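Got the viewer open? Let's take a walk through this model, one selection at a time.

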Amino acid sequence: CQLLCKPSALAQHLVRSLGRSAALRGGHWSWPRWPQLQMLQQLLQLPEPEPALARELLQLPDTGLVALDWLVGPWGTAGAGGGDPSPVLLLIPNAAGKVTGALLQLGLRAQERGFIPVIFNRRGHNGCPLTTPRLQPFGDPGDLREAVTYLRCRHPTAALLAVSEGSGSGLLLAYLGESGSSSCLAAAACLSPIFSGRDWFEAGMPWLYEWPLLLHLKRGLSRYAGSLSEAVDVDRLLGSRSLRELEETLFCRTKSRPTSWDTYWERNEPLRDADEAAVPVLCLCSADDPVRGPPARSLPTELFCSSPYFFLLLTPRGGHCGFPRQGPGRCWGHEVVLEYFKAMAEFLRAEERRKGLPRPR
């Protein structure tokens, strides 16, 4: 792996910590040579064991709802005690709202290490009721901000962390840039992120990935065809033949406030406010990612070289959110993310001791 970042004390600490990580010392196998098969496995494979989830619905200012799914393990419901000092790990699925087995497996690994994992589900996604005739645009962090505020109130003494998967990283990156130093997060990580939303939609993806996600979205939207008909052309929406056509119909060709494709992306590009981000972000990417596209075109290397908060860990093989290995866990990327969060906590504690700062209440 290659770590691309701006030189700093934090970067040096991260290099030392990841250098000691057993997950980066090899032990990979033949799967990395077939990124398309990795992608199919990542979409279909269930975690072992499959966790139980305790759902909590959060009402937003416009009466919309988002769902928070707390992972329930052998130690009881993770979200059961307010003020728990254990770190809270917010898991953000891809933009289609599909909670993959890999994301659940990451939650289980985190729970074993003392984290409190909770999955953020957007409006109308993954069985969350749609109570308003609008969904969440690709890079609109408003609903995520409400969820983070709620988690901060429920666990006021815990460190808040966030990790996103695939296209869901667009939401997390937009939130970090728009919130700046007020994000309430201590650190964040993105697995196989999509950095340029517009280029990604316009370039298209392998059918093996696009069609399952498109059908997944249509199936969820068809449940709310009656209420959505007030805002969009439902026949055109359910007849979309690509993710771009569906996104454009849903958010640009609305009946009340139509807008252009250009204007939509001016408001929803993930990195539009990246210069304002003030939270360490690790982006784990693979050079053979068939969904994001070639590294030369899809990786903003200048951002990682100029910002002290963005770190790119680039591996030659790993596919899209795959990073497979033999044995338990099956994804070495999960171990790297958890090791990264541990390193960030160690660095922040060392800085507080060095500067004599009181720990935040």
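Start by selecting helix H10, residues 243-251. Its buried residues pack against four helices: H6 (197-203), H7 (207-222), H9 (234-238) and H11 (261-268). Keep in mind that you're looking at a predicted model.

How many of the 9 residues of H10 are buried? The count is 7, so the helix is largely enclosed by the rest of the structure. To see them, show the side chains of Leu243, Leu246, Glu247, Glu248, Thr249, Leu250 and Phe251. "Buried" here means that a residue has under 20% relative accessible area.

Stay with H10 and look for empty space. Rolling a probe the size of a water molecule over the atoms shows where such space is left. A search of the whole structure turns up 3 cavities of 30 Å³ or more, and the largest has a volume of about 230 Å³. To find that one, select Ala95, Ala96, His125, Leu217 and Glu247, which are the closest to its centre among the 20 residues lining it. You've already met Glu247, one of the buried residues of H10.

Which elements give two or more residues to this lining? They are H6, H7 and H10, and H10 gives the most, with 5 residues. Now try colouring the lining by residue type: you should get 14 nonpolar, 3 polar and 3 charged residues.

Next stop, the greasy parts. In soluble globular proteins, nonpolar side chains tend to be buried together. Here, the largest nonpolar core has 39 residues, and Leu90 and Leu176 touch the most other members. Helix H5 (residues 169-179) is the top contributor to this core, with 5 residues.

Zoom in on Leu90. Leaving out residues up to four places away in sequence, you'll find Leu90 touching Val118, Phe120, Leu144, Val148, Leu151, Leu161, Ala162 and Val163. There's also a second, separate core, this one with 37 residues; to locate it, pick Leu10, Ala23, Leu71 and Ile119, which are among its members.

For the last stop, jump to Ser307. This residue lies in the loop between helix H13 (301-306) and strand E10 (310-315). Is Ser307 buried or exposed? With a relative accessible area of 10%, it counts as buried, because the cut-off for that is under 20%. Now draw a distance line from the side chain of Ser307 to the backbone nitrogen of Tyr309: the side chain reaches that nitrogen at 3.2 Å.

Technical notes
Residues numbered from 1 in each chain as written. Predicted model: local features only at pLDDT ≥ 70, side-chain atom pairs only at ≥ 80, totals over all residues. Heavy atoms only, no water. Core = buried A, V, L, I, M, F, W, Y, C linked by side-chain atoms within 4.5 Å. Buried < 20%, exposed > 50% of the residue type's maximum accessible area, 1.4 Å probe, protein only. Contact = heavy atoms within 4.5 Å. Polar contact = N/O pair within 3.5 Å; in protein donor to acceptor, adjacent residues only side chain to side chain. 1 Å grid on protein atoms, 1.4 Å probe; cavity = no way out; pocket = protein on both sides within 12 Å on 5 of 7 lines; lining within 4 Å. Points joined across faces, edges and corners; volume = space filled by probe spheres on them. Nonpolar A, V, L, I, M, F, W, Y, C, P; charged D, E, K, R; others polar.
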